[in-house]
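Please find below a colleague's note on the structure, arranged as numbered points. The points begin with individual residues and then turn to the chain and its helices.

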Amino acid sequence: MKIRKGFELHKVCDENIIISHGVENINFTKVITLNETAAYLWNKVASKDFTEEELVELLLKEYEVDKETAAADVKNLVESWVNAGLVE
């Protein structure tokens, strides 16, 4: 999977917010914010193809978390990105 073109992460007033560039991506009914962990993962994979397993490995390297927790968290995160139309 890959983050769709036209979406960028920006820090606004200490919030990690996904900004959409291009008319086809704009949905003013929903603001997408990411916590620090999700923003870390976004920044690591923003310009490349990635798998859920790669996201899990990134979490394991950066945070003190067990593999099962990391996998569950990544699954939820990817699901939310898919539902928001952020990845393809």
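1. In this predicted model, F50 and W81 are both buried. The two rings also belong to a cluster in which ring pairs link W42, F50 and W81.

2. By the criterion for ring pairs, the count of aromatic pairs is three. One of them joins Y40 and Y63, with 5.8 Å from centre to centre and 90 degrees between the planes; this pair is edge-to-face. Y40 is part of helix 1 (residues 36-45), while Y63 sits in the loop between helix 2 (52-62) and helix 3 (67-83), so the pair ties together parts 23 residues apart in sequence.

3. Are Y40 and Y63 buried or exposed? Y40 has a relative accessibility of 16% and counts as buried, because the cut-off for buried is under 20%. Y63, at 32% relative accessibility, counts as partly exposed.

4. A further pair brings together F50 and W81: the ring centres are 6.4 Å apart and the planes stand at 90 degrees, so this pair is edge-to-face. The planes meet that description because an angle over 60 degrees counts as edge-to-face. F50 lies in the loop between helix 1 and helix 2, and W81 lies in helix 3, so the pair ties together parts that are 31 residues apart in sequence.

5. I3 deserves a point of its own. I3 is placed in the segment before strand 1 (7-12), and with a relative accessible area of 4% the residue is buried. Which residues does I3 contact, leaving aside its neighbours within four places in sequence? The contacts are W42, V45, A46, F50, L86 and V87. W42 and F50 are thus in contact with I3 and are also members of the ring cluster with W81. Between I3 and W81 the separation is 78 residues in sequence and 8.7 Å in space, taken from C-alpha to C-alpha.

6. As to overall composition, the chain contains three helices and three strands. Their order along the sequence follows the pattern β-β-β-α-α-α. Of the 88 residues in the chain, 32% are buried. Among the contacts in the chain with a separation of 6 or more, 45% are between residues 24 or more positions apart. The accessible surface of the chain is about 5,900 Å², and carbon and sulfur atoms account for 50% of that area.

7. How do helix 1 and helix 2 cross? Their axes come within 11 Å and cross at roughly 120 degrees. The two helices are therefore oblique to each other, and helix 1 passes helix 2 in a right-handed crossing. On the side of helix 1, the residues that meet helix 2 are T37, Y40, L41, K44 and V45; their counterparts in helix 2 are L55, L58, L59 and E62. Y40 therefore takes part in this helix contact as well as in the ring pair with Y63, which joins helix 1 to the loop after helix 2.

8. Helix 2 and helix 3 have axes 9 Å apart and pack at an angle of about 130 degrees. These helices are therefore oblique to each other, and helix 2 passes helix 3 in a right-handed crossing. E52, E53, L55, V56, E57, L59 and L60 of helix 2 meet K67, A70, A71, V74, K75 and V78 of helix 3. L55 and L59 appear in the contact with helix 3 and also in the contact with helix 1.

Note on methods:
Residues are numbered from 1 along each chain as its sequence is written. This is a predicted model: local features need pLDDT of at least 70, side-chain atom pairs count only at pLDDT 80 or more; totals for chains, interfaces and linings use all residues. Side-chain values use heavy atoms; hydrogens and water are left out. Rings of Phe, Tyr and Trp (its six-membered ring) pair if their centres lie within 6.5 Å; planes under 30 degrees apart count as stacked, over 60 as edge-to-face and the rest as tilted. Helices (H or I, at least four residues) and strands (E, at least two) are DSSP runs, numbered from the N terminus. Buried means under 20% relative accessible area, exposed over 50%, partly exposed in between (1.4 Å probe, protein chains only). Contact means heavy atoms within 4.5 Å. Accessible areas come from the Shrake-Rupley method with a 1.4 Å probe; for residues, only the protein chains shown count as cover. Axes are lines fitted to C-alpha atoms, for helices over the stretch in contact, and angles run from 0 to 180 degrees between N-to-C directions. Angles under 35 degrees count as roughly parallel, over 145 as roughly antiparallel, 65 to 115 as roughly perpendicular and the rest as oblique. A crossing is left-handed if the near helix is turned anticlockwise from the far one by less than a right angle, and right-handed if clockwise.
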